[in-house]
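The questions below work through the strands, sheets and nonpolar cores of one model, and each answer ends on what was asked.

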Amino acid sequence: MEGSWKGILAVLVVLAGLAASGSSYQIIEGPRNATVLEGSEASFNCTISPGWSLIMWALNGRVVLSITPKEPIITDKHFTSVSYEEGGNFISEMIIHNVQLSDAGHIKCSLQNSDRDGSAFLSVQVMGALHIPGGSLIVTEDEPCNVNCCAVGWSPLPDIFWEVGVQASHSSYYSVPEPDDLQGAVSILTLTPQGNGTLTCVANMTGLHTHKSVTVNLTVVQPPLGPTEPAGALGQPGPTRKPRVRHWRFASTPSFHVRGKEGGRWKCCALFQVAQLGEAEQGPGGQDGFSLGAKFHPL
């Protein structure tokens, strides 16, 4: 009976020693939440008081890295460790290289023989492509036009805005998600240009100080001119006749105007510059005349 009590007492002593040993070290500060771009690095720190024997790092419940007082135990080069001391405490830093979307989730730092741990969450964002369809643009002066900017393969969707480097009487834009693509969006810029310049579409990553942009040149042209044929009345095509001139004396660069009526008033609508005079011809009703070749200059 006495021997039994001695055995029980020995077990209690050992348990008490383990408890005392376990309580002599603890996690002072655990890892913090992080948001990174896909393909970059993510790092997490865990600060521990002296006396520890094993540190374990886990991602989504799976131990990916272990640290002993002598060296780290690395089984996957995707996860490495850096360790240093500060103020008498030990700091373990886990680094995740070439972060992928599959790495997003719960990060935990824990100690052997301890029920305390430190936790954080890793968020991974993807910067996709950004383009303006068609590239450089040619538009008509003072006529409204739309310019699209497409973001493809982004997670989450970016905030898109425009930098308008042209003179315009009006400009505005809005963005909408692509209906058949959860990682796509389009921003539509509406403007009325009055001069040449550049348009820049900028996509900002949410929560990160990084962005992507694309710039195109915009060239403004004058609106098309009116009808190029002589008109009997303005805005209405006139008859196509062979011009004849009678009893005119021409200078070195002879010319004449074709006129039409609008609202009861004569208005000049075109200028013909004579290029060549032909021989004398007999006009309608026996009138004398000259055939000529002329260059047409709309006014």
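Two strands count as paired if DSSP finds at least two bridges between them. The model discussed here is predicted.

Q: Which residue stands opposite Trp-57 in E9?
A: Strand E4 and strand E9 (residues 105–111) run antiparallel and are joined by 5 bridges. In this pairing, the residue of E9 that stands opposite Trp-57 is Cys-109.

Q: Which strands stand at the edges of the sheet that contains E4 and E9?
A: This open sheet is built from 6 strands in the order E2-E10-E9-E4-E5-E6, with mixed pairing, and its twist averages 25° from one strand to the next. Because they each have a single partner strand, one side of each is left without a neighbour in the sheet, and the edge strands are E2 (34–37) and E6 (72–74).

Q: What is the average twist from one strand to the next in the sheet with the order E11-E13-E16-E15?
A: The pairing among these 4 strands is antiparallel and the sheet is open; strand E11 (129–131) and strand E15 (168–177) stand at its edges, each with a single partner strand, so one side of each lacks a neighbour in the sheet. From one strand to the next, the twist averages 15°.

Q: Which residue in E16 stands opposite Ala-151?
A: Strand E13 (residues 145–152) and strand E16 (residues 184–193) pair in the antiparallel sense over 8 bridges. Opposite Ala-151 in E16 stands Ala-185.

Q: Which strand supplies the largest share of the largest nonpolar core?
A: The largest nonpolar core has 26 residues, and those that touch the most other members include Phe-44, Ile-55, Trp-57 and Met-94. At least two residues of this core come from each of E2, E3, E4, strand E5 (62–67), E8, E9 and strand E10 (117–125). The largest share, 4 residues, comes from E3.

Q: How many residues make up the second, separate core?
A: Among the members of this second core are Leu-199, Cys-201, Met-205 and Val-214. The core, which is separate from the other, has a count of 23 residues.

Q: Why does the pair of Trp-52 and Phe-90 tie together parts that are apart in sequence, and by how many residues?
A: The two residues form a tilted aromatic pair, 4.7 Å centre to centre with 45° between the planes, and both Trp-52 and Phe-90 are buried. Trp-52 lies in the loop between strand E3 (42–48) and strand E4 (55–59), whereas Phe-90 lies in strand E8 (residues 89–96), so the parts tied together are apart in sequence by 38 residues.

Notes: Residues numbered from 1 in each chain as written. Predicted model: local features only at pLDDT ≥ 70, side-chain atom pairs only at ≥ 80, totals over all residues. Heavy atoms only, no water. Phe/Tyr/Trp six-rings, centres within 6.5 Å; stacked < 30°, edge-to-face > 60°. Buried < 20%, exposed > 50% of the residue type's maximum accessible area, 1.4 Å probe, protein only. Axes fitted to C-alpha atoms, helices over the stretch in contact; angles between N-to-C directions. Core = buried A, V, L, I, M, F, W, Y, C linked by side-chain atoms within 4.5 Å.
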